Structure formats: C-alpha cells, structure tokens
Amino acid sequence: MNANIVSQAEDLLRASGRRVTRSRIRVLTELLTSHHPLAHQDIADVLEKSEHIDRVTLYRVLEWLTEQRFAHRVLGEDRVWRYGTLVNQTRHHHAHFKCNDCGQIFCLDELSPAFAVNVPRGYQASEIELTVKGRCAACKPH
C-alpha cells in the first residue's frame, strides 16, 4: 500500500470535518489507487488480504463516501454498483466506458468534445450518466 495515497486519504477525510476511521481510510485508499470503479466484492477481496472489514461496514463506508462526495457509483449491467473516486472533481459529470467482453467499467474523465446538457427552465441537474460500450484494450483482438 502506497504511504502517500494513505496520507492523501487521511488528509481528505480530516478536511471534511467528519470522523476519520480506519475503515474509511482503507476504502478511500483503495478507490484512490484503482484505475477503474470497483464493486463491493472487489474491495472486500483486496481488504481481506490486509485486514478484515465486514460486509455491512464496507457497504456503510461506501455509502458514506458517496454521500460525502468522495466517491460516485455507477450501476453495471449486472446490477452491481461500482464505486470510483470523485476526488478533485466537484460533480460527477463524466462518462464511463464499459467493456462488453470483460465487464470492466472505466471512468472517462475527459471527453473531446466535452458534453453539456441543458435541462428545462426550473430544473437542476446533479449528475450526468453516459456509458460508452465497446471492447477495452485488454480484450481487443490483436
């Protein structure tokens, strides 16, 4: 585990003014080190190797991180939520890429051209979800 990323997770949690717990630090650290959103089971598998966090605590931490805007969640076609970090983002306004072969979901933080959505007068958008489907580099035939 990278000490710099653990320190970053601790600093982010302290800056929020909320309780800093070992479970919150560990889960946020895993999200910060991942290159793609992780399912509950993915995180549980990684944490099981270093320390045990029971399933209910893990669910609560993921929900708390989402509520506090440290993480966002995206629903896969398998109906499993996957969590990614929202650190350094003010809102969850980016797209995702889903590989049709392996099922991995990747955040697409930069789209060119960028997209914007105009909602009717009086409405207020809080999130935009866009999923691009195809084949990731690992699954693409050579």
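Start with the contacts across the whole chain. Among contacts with a separation of 6 or more, 51% are between residues 24 or more positions apart. Keep in mind that this is a predicted model.

**The whole chain**

Colour the chain by secondary structure. You should find four helices and six strands. Walk from the N terminus, and the elements come in the order α-α-β-α-α-β-β-β-β-β. Now colour by accessibility. Of the 142 residues in the chain, 37% are buried.

**The three-stranded sheet**

Select residues 38-39, 71-75 and 81-85. The first range is strand β1, which is antiparallel to β3 at 81-85. The range 71-75 is strand β2, and β2 also pairs with β3 in the antiparallel sense. Together they make an open sheet of three strands, in the order β1-β3-β2. Which strands stand at the edges? They are β1 and β2, each with a single partner strand, so one side of each has no neighbour in the sheet.

Now bring in residues 22-33. This is helix α2, and it packs on the sheet. Helix α2 touches β1, β2 and β3. Look along the helix and then along β3: their directions make about 80 degrees.

**From β1 to β3**

Zoom in on β1 and β3. Two bridges join this pair. Pick Leu38 first; its bridge partner in β3 is Tyr83. Next pick Ala39. Opposite Ala39 stands Arg82 of β3.

**From β2 to β3**

Move across to the other side of the sheet. How many bridges pair β2 with β3? There are five. Select Val74, and look for Arg82 opposite it in β3. Then select Leu75, which stands opposite Trp81 of β3.

**The loop of the hairpin**

Follow the chain from β2 into the loop that leads to β3. The hairpin has five residues between its strands. Two of the loop residues are worth a stop.

Select Gly76, which sits in the loop between β2 and β3. Is Gly76 buried or exposed? It counts as buried, because its relative accessibility is 8%, and the cut-off for buried is under 20%. Show its contacts. Leaving out residues up to four places away in sequence, Gly76 touches Arg82 and Ile105. Add Gly103 to the view. Gly76 and Gly103 are 27 residues apart in sequence, and their C-alpha atoms are 8.1 Å apart in space.

Then select Arg79, in the same loop between β2 and β3. Arg79 is not a glycine, yet its phi is positive, about 65 degrees. Its relative accessibility is 70%, so Arg79 counts as exposed.

**A positive phi before β2**

Step back to the loop between α4 (55-67) and β2, and select Arg69 there. Arg69 has a positive phi of about 70 degrees, although it is not a glycine. How accessible is Arg69? It is partly exposed, with a relative accessible area of 33%.

**Arginines over rings**

Show side chains for Arg24 and Trp64. Arg24 lies over the face of Trp64, at 3.7 Å from the ring centre. Now show Arg73 and Trp81. Arg73 lies over the face of Trp81, and here the distance to the ring centre is 3.9 Å.

Rings can also pair with each other. How many aromatic pairs does the structure hold? It holds one aromatic pair. A pair like this is described by the distance of the ring centres and the angle of the planes.

**The cysteines**

Last stop: select Cys99, Cys102 and Cys136. How many disulfides does the structure hold? The number is zero.

Look at Cys102 to see why. Its closest cysteine sulfur is in Cys99, at 3.7 Å, which is too far for a bond, since a disulfide needs two sulfur atoms within 2.5 Å. Turn to Cys136. The closest cysteine sulfur to Cys136 is again in Cys99, also at 3.7 Å and too far for a bond.

Switch to the surface view to compare their surroundings. Cys102 counts as partly exposed, at 40% relative accessibility. Cys136 counts as buried, at 8% relative accessibility.

Notes: Residues are numbered from 1 along each chain as its sequence is written. Side-chain values use heavy atoms; hydrogens and water are left out. Two strands pair if DSSP finds at least two bridges between them. Buried means under 20% relative accessible area, exposed over 50%, partly exposed in between (1.4 Å probe, protein chains only). Contact means heavy atoms within 4.5 Å. Axes are lines fitted to C-alpha atoms, for helices over the stretch in contact, and angles run from 0 to 180 degrees between N-to-C directions. Rings of Phe, Tyr and Trp (its six-membered ring) pair if their centres lie within 6.5 Å; planes under 30 degrees apart count as stacked, over 60 as edge-to-face and the rest as tilted. A charge sits over a ring if NZ of Lys or CZ of Arg is within 6 Å of the ring centre and within 35 degrees of the ring normal.
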